[in-house]
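Visitor: Could you take me on a close look at a single part of this structure, the second largest pocket? I would like to see how it fits into the rest of the chain.

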Amino acid sequence: MGNREDLLVGARRCLEEKGWARTTVRDIAAAAGVSMAAIGYHFGSREALLNAALIQAIDEWGLETGQTASSVYDDRTATPAERYEALWTRLLKSFGTHRKLWMASVEALSQAEHSPELRKYLAAGQLEGRRGLASILLGIEEDKLPESAVRTLGSVQLALLSGMMMQGLTDPEQAPSGAEVLEGLRALMRHIDPAGGSGAKNSAEVPEEKTEGPAQLP
């Protein structure tokens with residue numbers, strides 16, 4: 001690897017071990033095995049380098065999430081509810097096994113307040129995440145998804161993912177199971193629509209031939 005790649009690896013290691021605020025230029029240079037001057041040469045500043053390392057970590061977070069969801073939904077022998085429960089079981093487990101990766105995404109949110117570049121990147125990733133999650137849940141290619149499905153189903157699933165991530169990272173012992181997430185959603189639907197099906201039209205509905213998709217919860 002060249003100095004630039006070494007710096008990204010070193011910055012990533014520092015983020016995982018010390019966090020953004022406690023990481024210094026000296027820390028990164030030592031972890032990368034290069035001079036402190038190399039940071040300015042390749043990235044311009046400590047902040048720019050840490051941003052680049054965070055973006056790299058977030059890309060891995062997105063890939064991890066997408067691969068987890070896709071692998072679960074490839075199993076067409078299971079019911080939609082079984083697939084959805086399995087998805088959450090896998091995701092909740094990943095909060096522990098890939099804790100440092102998930103924590104990097106949390107750190108990025110706090111740093112985005114001070115970095116327009118990072119905030120812009122996160123906003124674009126959020127839009128991509130909504131679309132990707134809706135695509136997997138509905139079993140429809142992303143370019144064929146109705147925008148309403150992205151803004152409703154995709155947004156809510158992303159919100160659930162973010163919230164469960166925070167709970168799993170903060171208190172893993174008390175985090176809900178996949179089955180509890182599923183039952184919680186069913187309870188919420190009973191609260192919203194006690195009569196069952198009497199509520200407003202589903203704005204995320206898809207063409208008739210697609211309505212058997214995995215987004216349904218019996």
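Guide: Happy to. One definition helps before we start: helices here are DSSP runs of H or I at least four residues long, numbered from the N terminus. Keep in mind, too, that this is a predicted model.

With that naming in place, let us go to the pocket. The second largest pocket has a volume of about 790 Å³. Its lining is made up of 28 residues, and those closest to the centre are Trp61, Gly125, Gln126, Gly129 and Leu158. Four helices each supply at least two residues of this lining: H4 (46-73), H6 (99-112), H7 (116-138) and H8 (147-170). Among these, H7 gives the most, with 12 residues. You can match this with the central residues, since Gly125, Gln126 and Gly129 carry numbers that fall inside the span 116-138 of H7. Likewise, Trp61 belongs to the span 46-73 of H4, and Leu158 to the span 147-170 of H8.

As for chemistry, the lining divides into 13 nonpolar, 10 polar and 5 charged residues. If you sort the lining yourself, note that Gly is counted as polar here.

Now let us step back to the chain around the pocket. The secondary structure comes to 9 helices and 0 strands, so that, by the DSSP runs used here, the order from the N terminus on reads α-α-α-α-α-α-α-α-α. Of the 218 residues in the chain, 39% are buried. Among contacts between residues at least 6 apart in sequence, 65% join residues at least 24 apart. The accessible surface of the chain comes to about 12300 Å², and 54% of that belongs to carbon and sulfur atoms.

The start of the chain offers a small example of residues set apart in sequence. Gly2 sits in the segment before helix H1 (3-18), and with 30% relative accessibility it counts as partly exposed. The C-alpha atom of Gly2 is separated by 10.0 Å from that of Val34, 32 residues apart along the chain.

Finally, a word on confidence. The chain averages a pLDDT of 86, and 89% of the residues score at least 70. Over residues 208-215, however, pLDDT stays under 50, and the model has 19 contacts beyond four places in sequence for that stretch. Where pLDDT is low, predicted coordinates should not be read in detail.

Terms used
Residues numbered from 1 in each chain as written. Predicted model: local features only at pLDDT ≥ 70, side-chain atom pairs only at ≥ 80, totals over all residues. Heavy atoms only, no water. pLDDT = per-residue confidence, 0-100. Contact = heavy atoms within 4.5 Å. 1 Å grid on protein atoms, 1.4 Å probe; cavity = no way out; pocket = protein on both sides within 12 Å on 5 of 7 lines; lining within 4 Å. Points joined across faces, edges and corners; volume = space filled by probe spheres on them. Buried < 20%, exposed > 50% of the residue type's maximum accessible area, 1.4 Å probe, protein only. Areas by Shrake-Rupley, 256 points an atom, 1.4 Å probe, with all protein chains shown as cover.
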